[in-house]
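Colleague: I am just starting to read protein structures, and I would love some company. Could you take one part of this one and walk me through it slowly?

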Amino acid sequence: MTQDDIYGSDEQRALLRRGRALFDILGQDPRYTYYGRTVGLATGTVRDLDHLTALARVQGNAAIALVPEAEVAALHDGLTARNLVPIAYSRWDGGAASLAAAKAIVRDLPLPAGLTMTRIDADTPSTVLASLADMALGSGVLPLAGEVLRGLLNPAVCLVAQDGEGKVVSCGASAGFAHPDHPVPGRQAYWGMLATDTAWRGRKLALILGAHAMLSMSRNHGIEAFFTGVEPGNTPSEGVCTRLMFARSVAVILGCADPRSLRSGRMTK
Ligand SMILES: CC(C)(COP(=O)(O)OP(=O)(O)OC[C@H]1O[C@@H](n2cnc3c(N)ncnc32)[C@H](O)[C@@H]1OP(=O)(O)O)[C@@H](O)C(=O)NCCC(=O)NCCS
């Protein structure tokens with residue numbers, strides 16, 4: 001492993017390190033979530049504004065994974081008033097129908113000739129993760145901490161498609177998210193981190209890797225429910241979710257960044 005196996009700009013890597021450390025402090029408390037970026041709250045309303053603000057100031061970024069639609073405007077305004085940069089993602093949920101769609105995709109769609117699919121694990125050379133990170137960051141997607149991608153921390157899977165020279169041209173992942181005792185997200189896993197090299201887009205790579213990632217979480221960890229966040233207007237991402245039978249929820253994922261530690265005001269796409 002290089003450094004601590006995390007990638008991104010200096011600010012992004014510092015943020016991932018703080019998130020990982022905070023997970024060690026808070027990870028046993030069912031209110032909190034962690035999937036390899038920063039610690040957040042599983043659910044919340046405007047009453048959690050102070051709590052979310054504190055998590056964002058400590059780490060540089062934090063999110064509430066499930067905010068009822070009626071609470072979004074007040075939370076958004078409260079975060080802005082505290083000089084944080086809010087970002088609302090649509091929440092897309094997948095369950096049995098998504099797993100059925102994933103099975104059909106895996107059955108019917110082979111990877112294009114010349115590409116191979118690899119699962120990242122404890123023995124994967126760091127050069128592969130570095131290639132994944134180059135491609136994902138170039139697509140605006142911040143890779144989860146390597147410890148999660150390698151499946152060393154929680155139930156997780158990360159798949160990459162590599163060309164004949166070993167260059168990563170597409171990636172996707174799924175990882176445990178909420179504490180299993182949380183009554184709402186409970187055993188629902190994060191699914192996403194999808195990115196495809198521009199030269200390979202439209203060749204179903206995200207669909208194939210995303211489908212394999214879900215089936216692997218189901219087979220190996222008994223996880224049957226997934227969610228992802230998509231910024232409204234990200235049409236390709238919405239297309240992948242729709243094809244995999246994810247349904248757009250009325251609830252929202254509300255993230256926020258502290259521009260004093262994350263000057264771009266944004267952690268990832
Ligand atoms: C989103 C992304 C990963 C899709 O990768 P991809 O390998 O090109 O996607 P696929 O070829 O597997 O497409 C799967 C489905 O998504 C939809 N889709 C993909 N690109 C699309 C586009 N530009 N417009 C509309 N729909 C699109 C289609 O429905 C497609 O299925 P179909 O061809 O059977 O109709 C890629 O565009 C990307 O890297 N974007 C930048 C990073 C990003 O936004 N990641 C998601 C963060 S939430």
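Colleague: Let's look closely at strand β6, residues 156-162: how many of its residues are buried, and what does that say about where the strand sits?

Modeller: Happy to! Keep in mind that this is a predicted model. In strand β6, 7 of the 7 residues are buried, so the strand is largely enclosed by the rest of the structure. To count as buried, a residue must have under 20% relative accessible area.

Now look at where the side chains go. A156, C158, V160 and Q162 point one way from β6, while V157, L159 and A161 point the other way. Both sets are buried.

Next, the neighbours of the strand. Strand β5, residues 116-119, is joined to β6 by 4 bridges, and the two run antiparallel. To find this pairing on your screen, start at T118, which stands opposite V160 in β6. Strand β7, residues 168-175, also pairs with β6 in the antiparallel sense, over 7 bridges. Here a good starting place is Q162, whose bridge partner in β7 is V168. Follow the chain from β6 to β7 and you trace a hairpin, with 5 residues between the two strands. In that turn, G166 has a positive phi of about 90°.

That phi value deserves a short detour. Most residues other than glycine have a negative phi. Two residues elsewhere make useful comparisons. N83 is not a glycine, yet its phi is positive, about 65°. You will find N83 in the loop between α3 (69-81) and β4, and this residue is exposed, with a relative accessible area of 52%. M245 is another residue other than glycine with a positive phi, near 65°. M245 sits in the loop between α8 and β10 and counts as partly exposed at 48% relative accessibility.

N83 also leads us to P259, since P259 is in contact with N83, L84 and V85, leaving aside its neighbours within four places in sequence. P259 belongs to the segment after β10 (247-257) and is partly exposed, with a relative accessible area of 29%. The C-alpha atoms of P259 and D163 are separated by 37 Å, and the two residues are 96 apart along the chain.

For a contrast with our enclosed strand, try helix α4, residues 96-108. At 1.5 Å a residue, its 13 residues should span 18 Å, and the end C-alpha atoms are indeed 18 Å apart. The buried residues in α4 include S98, L99, A101, A102 and I105. Seen down the helix axis, the buried residues fall within an arc of 160°, so they line one face of α4. The face turned away from that buried side carries A96, K103 and R107, which are exposed. What do the buried residues of α4 pack against? Their partners are β4 (85-94), α7 (205-221), β9 (225-230) and α8 (235-243).

One last stop is the ligand. There are 21 residues around it, and L194, T196, G202, K204 and N234 come nearest. A backbone N or O atom of A206 lies 3.1 Å from a ligand oxygen atom, and for L207 a backbone N or O atom lies 2.9 Å from an oxygen atom of the ligand. With R243 the side chain takes part: one of its polar atoms lies 2.9 Å from an oxygen atom of the ligand.

Key: Residues numbered from 1 in each chain as written. Predicted model: local features only at pLDDT ≥ 70, side-chain atom pairs only at ≥ 80, totals over all residues. Heavy atoms only, no water. Expected span 1.5 Å × (residues − 1). Buried < 20%, exposed > 50% of the residue type's maximum accessible area, 1.4 Å probe, protein only. Arc of directions from axis to C-beta. Contact = heavy atoms within 4.5 Å. Pairing = 2+ DSSP bridges. Near = heavy atom within 4 Å. Polar contact = N/O pair within 3.5 Å; in protein donor to acceptor, adjacent residues only side chain to side chain.
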